[in-house]
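User: Please take a close look at one part of this model. I want the open sheet and the helix that lies across it.

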Amino acid sequence: MSSPDASRFDAVVIGAGASGTLVAAHLVGDDASPLHVALVESRPAMAEGVAYSTRHGEHLLNVRAAGMSALDDSPGDFVRFLRTLPEYAAEDPAAIGARFMPRRDYARYLGDLLDSRPGQARLRRIAGAAEDVVPVAGGFEVELASGERLHARAVVLAIGNRPARLPRLEGDADAGVAAIEAWDYPAVAAIAPDADVCILGAGLSMVDVVLTLRANGHRGRITSLSRRGLLPLPHAAPAPPADVDLAGLLAMDLAARVRAMRALAAREQAQGRPWQAVLDALRPHVQALWTSLDDAGQRRFLRHVVRHWDVHRHRIAPEIARQLDEATASGQLERLAGRLLAVGPGPRMTIVWRPRGGADVARFEADVLVNALGMDQRIEGGAGLLARLCTRGLLRPGPHRIGAATAGEGVPLGADGRPVVGLWTLGALRVGDLWESIAMPELRGQAQRVAAAVRAHLDAAG
């Protein structure tokens, strides 16, 4: 039984980043079928999450504004919102749509979208961490760190991205190692201008760190250490998608797909068109490409192809690519490919690593270590909410132990393999099942469908 002083809601959404904000917006957006909803967020602000909580203007969206509507049925909604802001009011909508806008503007957009829902009076925003979700009669009890307990007929896990853990180092080599998280934007901005910085990782989080350091006039050396040393590639000028035989690709195994995509990219370039047009043509079909691979094919993708896929798929604005090129050409930024072995303690750390493909050990020194390894895709281990739900049997790892195993519109599969009725998830927790699950085209669609499924469940329960 739920505790007698528990606050009662039709639905509790845990996580108020992009995915949770959109689910909550859909749930309270219909006055004809009113629901009482709680939106729980452990971070300082609602409607931001990790990606959009940055206050730094140099951190841009990785998609042009025209493609960033949060609503499937209103593709120009983000551009419409931008034109309500004084700084963009006089600009041509087409020009705005073609730009890579600051991510902080997208946080303003998500906040406005949530604030403008007609059912605001039925939405309670709760600042605090959810520590457990316990099945009880009639639904679930959500236990908060504050001690408050929320009774919910339905729960949506919109946990979002969590920073990857530092790699396990050899022996006791990681004892006492302290690293700044790349997503801790104030801490990155506070790095001393003369400090030599080692960034673990070479993906989008690493790019954010370099951009902030350069915006602050950084003078020290910046070294990126990653397994392959590959940077995200830039977007090309807008062009029509390439002509791709999707059915043919879906019938191929992984190796044949890779060969076919390389041939398609070479064909586009030979005809004076950007290779990016091939990825743009495949973009709506990534989930189908993933789910059509057998288990062995998916494992091979994760072992051998994933980083090459990431740098081609998750591209950056051309103006950001130019900044990285300038930093590299000047000698300030160095990219190393290899494996981190140890970090020596002290005010000036010794980074011990092994170059990719080599047997010898190399070293360099740094004043600051930054963890830019991206997203943690594991839900087991530790003492957090997801680990507790695994222990309770409400969640189990997804394919290849990535994310959570789900069915239908994001209903988690419990330890017994059966759907957990009344519980949903979306976004980052579905990457094992869907792979492409964290970008806005997927998030906005999932959020709308999850909200509809929650409503149907509540209507059926009476």
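Analyst: Here is the sheet, strand by strand, and then the helix.

This is a predicted model, where local features need pLDDT of at least 70, side-chain atom pairs count only at pLDDT 80 or more, and totals for chains, interfaces and linings use all residues. Residues are numbered from 1 along each chain as its sequence is written, and side-chain values use heavy atoms, with hydrogens and water left out.

Seven strands make up an open sheet. Their order is E7-E13-E8-E9-E10-E11-E12, and the pairing is mixed. Strands here are DSSP runs of E with at least two residues, helices are runs of H or I with at least four, and both are numbered from the N terminus. Two strands pair if DSSP finds at least two bridges between them.

The edges belong to E7 (180-181) and E12 (362-366). Each has a single partner strand, so one side of each is left without a neighbour in the sheet.

At the E12 edge, E11 (residues 349-355) is joined to E12 by five bridges. These two strands run antiparallel. Val352 has Arg363 in E12 as its bridge partner.

Now the helix. H7 (residues 204-215) lies across four strands: E8 (197-200), E9 (222-226), E10 (333-344) and E13 (368-371). Contact means heavy atoms within 4.5 Å. H7 runs at about 155 degrees to E8. Axes are lines fitted to C-alpha atoms, for helices over the stretch in contact, and angles run from 0 to 180 degrees between N-to-C directions.
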